[in-house]
Amino acid sequence: MSTSFKKPRRNFRQKITIDSESDDETKEDFENVNNENENSPQMVSSEQTKKSKKKKKEKDALGMHRSSSVLSFNEDEEGEALKIKKSSHSKRIAKQLKMASKLAKEEEERVQKSYQSPPRKASPVHREESLEDRDEEIRRLREEFQTMNGDDLEENESEEETEGGNQLKKMIKKGEIPDATMIHMIRKKRQQARDYGDFIPLDDTERVENSKSRLVRDDDNDKSDDDENERIDFSVNTQARDRIKIQNEFLAAEHGSENEDSDQEREWEEQQIKKGVSLGSEQPDGGSSAAAPTSIDQYNGFQDTTVLEKKTFTAFPSLTQTGGSTVINMELIRKRLQDRLNSMDEVHRSHTRDRDSLVSDIDDTEKSIETCQEKVAGLEARYRFFQEMRGYVRDLVDCLSEKVPDINSLEQRMTNLWKTQARKFLSRRQQDVRDQCQEYMTSTANVDLTSPEAVEKQRRTAEREARRSRRRRAREMKDIVGHHDGLSSDDEENQSEIAKYNVEKESILSGQERVFEDVVEDFSEVDSVRERFEDWKQTYKDTYQDAYIGLCLPKLLNPYIRLSLINWNPLEADCMDFEDTKWFDTLVFYGFKLQETIAKDDDDIRLLPSIVEKVVLPKLSVIAESVWDPLSTTQTSRLVNVISKLGRDYPCIQANNKATQHLLNVIVRRIRTTLEDDVFMPLYPKSVLENRSSNASVFFHRQLWVCIKLLGNILSWHGILSNQMLRSLSLDGLLNRYIILGLCNSGVNKETIQKCQSIISTFPKEWFEDLEEDKTMPQLENLGRFLVSVARTLYSEGQQNKRDFDKKDSRDFIKQISKMLVNIHAMEYAVNLPM
């Protein structure tokens with residue numbers, strides 16, 4: 001049985017002395033070796049150890065020993081040390097040293113072989129003698145280990161010494177200096193040995209410091225350079241003792257001790273034999289597991305390598321038997337051949353499937369190639385179409401980007417023209433009201449008629465009366481009856497103003513025609529744009545929908561439609577409906593053909609509603625805010641008709657739409673402005689009002705009829721504006737604030753009854769359908785009480801008059817008042833009327 005430890009060489013370090021008369025060449029070689037190997041302390045240490053052994057043998061051969069006083073620390077250091085001179089018979093001495101070293105190596109190998117040889121079963125006769133010899137040898141070895149110092153516990157070099165190490169030793173023996181490459185390789189190998197744990201470093205500073213040795217080399221772990229005054233440590237090397245103890249226990253376990261008996265050794269031998277037999281009979285498939293190693297196989301964590309090698313050995317099975325020790329017969333051969341045939345068939349089938357798959361793939365590829373070749377022409381035409389469409393759209397956008405500023409300018413000029421005309425009419429009417437109020441409220445005795453203000457006032461009065469006369473003659477020619485002063489709109493102009501307005505309007509319309517005169521037909525007409533995009537939809541509908549052209553067209557067509565609607569003013573009498581324009585006829589059936597089903601998710605269905613929302617409604621908002629006159633019945637009725645039609649025909653006109661909300665808010669603001677600025681009700685004594693021929697009475701009744709007309713204009717928005725807003729504007733802001741006050745001052749007569757009938761006729765009937773009780777709306781309570789007071793006045797006057805005609809007229813008026821109260825759902829007042 002092999003061991004993991006070898007007997008260390010007992011090499012004692014000795015002080016190397018060099019004679020002053022020695023060769024300088026030898027001294028230089030020694031210094032060069034030390035200088036070259038100062039970075040590898042292990043190499044230096046081993047080389048110095050060999051040199052010290054060689055010196056010792058030379059001294060022993062020549063009989064030249066140093067005096068003990070040189071190595072003693074107790075004697076004085078002043079004594080001279082023995083100096084040895086080199087012998088002239090160098091060759092003879094070298095031969096003697098070689099013979100001595102050879103004999104020492106042979107002796108060491110013999111001792112190691114005796115230690116490493118496995119224990120043999122001794123005969124019963126010589127067993128006692130062998131045990132005694134072995135015990136004597138073990139005791140001798142223990143004494144030798146105990147006498148060794150920490151610095152002398154150096155292991156021999158391993159038997160697997162590398163080729164580089166031997167080469168280094170040979171070079172040093174010859175006196176050659178190793179180069180840097182060889183030193184680097186040896187250092188690298190030693191570092192690998194340290195990493196694997198198979199190397200005990202020579203540079204053990206802690207071991208040297210804790211060693212018992214009294215000698216300290218100058219070149220091995222010398223710390224004199226670091227600290228010259230540091231004391232030398234003479235403590236016991238505990239690590240060396242531990243190693244010696246481990247070796248003693250290992251040797252005792254290997255060779256046995258005095259307390260071991262022969263039964264244990266015999267049992268160990270039998271177990272080893274059984275293990276060898278069991279390992280040889282293991283099956284190839286590894287079915288039987290090896291026995292676990294016992295405590296005898298292991299020593300302090302080291303296991304016998306020979307046992308491990310035997311465990312991994314596997315015997316070859318017999319060629320005449322199968323794995324299950326079955327005899328080969330024809331059935332077994334047939335089965336094996338059948339299995340082989342089945343596997344080959346499976347491989348063949350898989351190859352066949354692969355071939356069929358490849359053939360089908362080739363066919364599919366050929367068909368795909370043919371299909372792609374057939375599609376090449378269509379794809380080429382498709383590519384050309386989209387390239388042309390791309391260029392057309394880019395050119396169209398560039399063209400519109402240049403023309404939009406011109407369109408905005410023309411549109412703004414036309415809007416300003418209408419604003420100027422509307423403001424002129426509004427300011428003239430307000431000035432006439434102020435002039436008449438001042439004329440009938442102040443005395444004319446102290447007025448200077450020659451002042452510029454008086455002259456201007458006279459001019460305005462003359463023009464006002466002239467306009468009224470022309471309207472009166474026009475009504476007489478048309479045979480219009482039932483008209484009252486104040487119901488007509490004072491919007492006539494003289495010929496000079498009309499001519500100036502027409503010149504400016506013609507200039508704007510001529511600019512409208514010149515906008516696209518420098519543009520080709522493909523970009524100047526809505527028809528051309530429609531044909532391009534309609535062709536796209538009919539040819540490649542999928543890409544048309546993916547590009548969301550239906551959502552982009554309203555914005556793209558916006559400049560053309562705004563340009564065509566520059567002169568569109570629904571407040572004018574001769575204004576054409578926008579549905580009669582050319583662009584509307586072009587786009588009304590855009591993207592659809594006859595006998596074609598229209599999809600609900602098609603964006604082109606919402607093309608016209610989107611145009612109305614984005615173009616028409618904003619234009620109406622501008623007109624209602626700046627041009628519309630709420631006191632004009634004709635303008636109000638035309639605007640109401642247009643908005644009502646849009647609400648009926650286009651689903652975008654609804655309360656949730658932002659454009660619609662903006663338009664309605666503009667209308668409400670304009671009505672409130674009129675209530676604040678244009679409504680005026682003068683207050684005169686009854687004596688003045690009873691004289692119907694006086695100018696003050698005429699002015700008063702005209703203003704009252706103006707208020708009644710405005711009430712009807714406001715209530716014409718019923719169905720468009722909310723009921724709450726209408727009641728707030730008409731009843732709270734106009735009826736109870738101005739009209740009731742004027743009725744109370746006008747007196748009781750036939751004209752008053754007509755005024756009340758006109759007022760009640762403007763109320764929407766839907767307001768009174770949901771009333772449950774006999775009471776009317778809270779806003780009409782004042783009107784109901786006024787009608788009751790008029791009926792009582794007429795009844796009392798009829799009773800005082802003796803003539804039957806007057807009594808009959810009074811009863812008829814009371815009946816009319818009763819009907820009016822019923823119409824406003826004031827039942828409680830109608831029941832209590834005097835008849």
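In the predicted model, a nonpolar patch on the surface is made up of Ile-328, Met-330, Ile-333 and Leu-337, which together have about 410 Å² of accessible area. One of these residues, Ile-333, is placed in helix 12. The relative accessible area of Ile-333 is 37%, so this residue is classed as partly exposed, a class that lies between the limits of 20% and 50%.

Charged patches also occur on the surface. Asp-361, Asp-363, Asp-364, Glu-366, Glu-370 and Glu-374 form a negative patch. Among them, Asp-364 belongs to helix 12, which covers residues 330–441. Asp-364 is partly exposed because its relative accessibility is 47%. A patch of positive charge is formed on the surface by Lys-91, Lys-95, Lys-98 and Lys-102. Of this group, Lys-91 is located in helix 4, which comprises residues 90–116. With a relative accessibility of 69%, Lys-91 counts as exposed, since the limit for that class is over 50%.

Side chains of opposite charge can pair when their charged atoms come close. In total, 29 salt bridges are present in the structure. One of them joins Asp-518 to Lys-403, with 2.9 Å between the closest N and O atoms. This salt bridge connects distant parts of the chain, as the two residues are 115 residues apart. Asp-518 lies in the loop between helix 14 (495–513) and helix 15 (521–524), whereas Lys-403 lies in helix 12. The two partners fall into separate accessibility classes: Asp-518 is exposed, at 58% relative accessibility, while Lys-403 is buried, at 9%. The value for Lys-403 is therefore below the limit of 20% that defines a buried residue.

Another salt bridge is formed between Asp-485 and Arg-702, where the closest N and O atoms are 3.7 Å apart. This pair, too, links distant parts of the chain, with a separation of 217 residues. Asp-485 is situated in the loop between helix 13 (452–478) and helix 14, and Arg-702 is situated in helix 24, which spans residues 695–715. Asp-485 has a relative accessible area of 35% and is therefore partly exposed. Arg-702, in contrast, is buried, with a relative accessibility of 13%.

A salt bridge within a single helix is provided by Glu-781 and Arg-785, whose side chains meet at an N to O distance of 3.9 Å. Both residues are in helix 27 (residues 781–800), and because they are four residues apart, about one helical turn separates them. Glu-781 counts as buried, with 16% relative accessibility, and Arg-785 is partly exposed, with a relative accessible area of 43%. Salt bridges also link Lys-424, Glu-493 and Glu-497 in a network.

A polar contact was found at Ser-632, a residue in the loop between helix 20 (607–626) and helix 21 (633–649). A polar atom of the Ser-632 side chain is 3.4 Å from the backbone nitrogen of Gln-635. This distance is within the limit of 3.5 Å used for polar contacts. Ser-632 has a relative accessible area of 2% and is therefore buried.

Key: Residues numbered from 1 in each chain as written. Predicted model: local features only at pLDDT ≥ 70, side-chain atom pairs only at ≥ 80, totals over all residues. Heavy atoms only, no water. Patch = residues over 30% accessible without salt bridge, like charges linked within 9 Å, V, L, I, M, F, W, Y side chains within 5 Å. Areas by Shrake-Rupley, 256 points an atom, 1.4 Å probe, with all protein chains shown as cover. Salt bridge = Lys/Arg side-chain N within 4 Å of Asp/Glu carboxyl O. Lys, Arg positive; Asp, Glu negative; His and termini not counted. Charge placed at Lys NZ, Arg CZ, Asp CG, Glu CD. Buried < 20%, exposed > 50% of the residue type's maximum accessible area, 1.4 Å probe, protein only. Polar contact = N/O pair within 3.5 Å; in protein donor to acceptor, adjacent residues only side chain to side chain.
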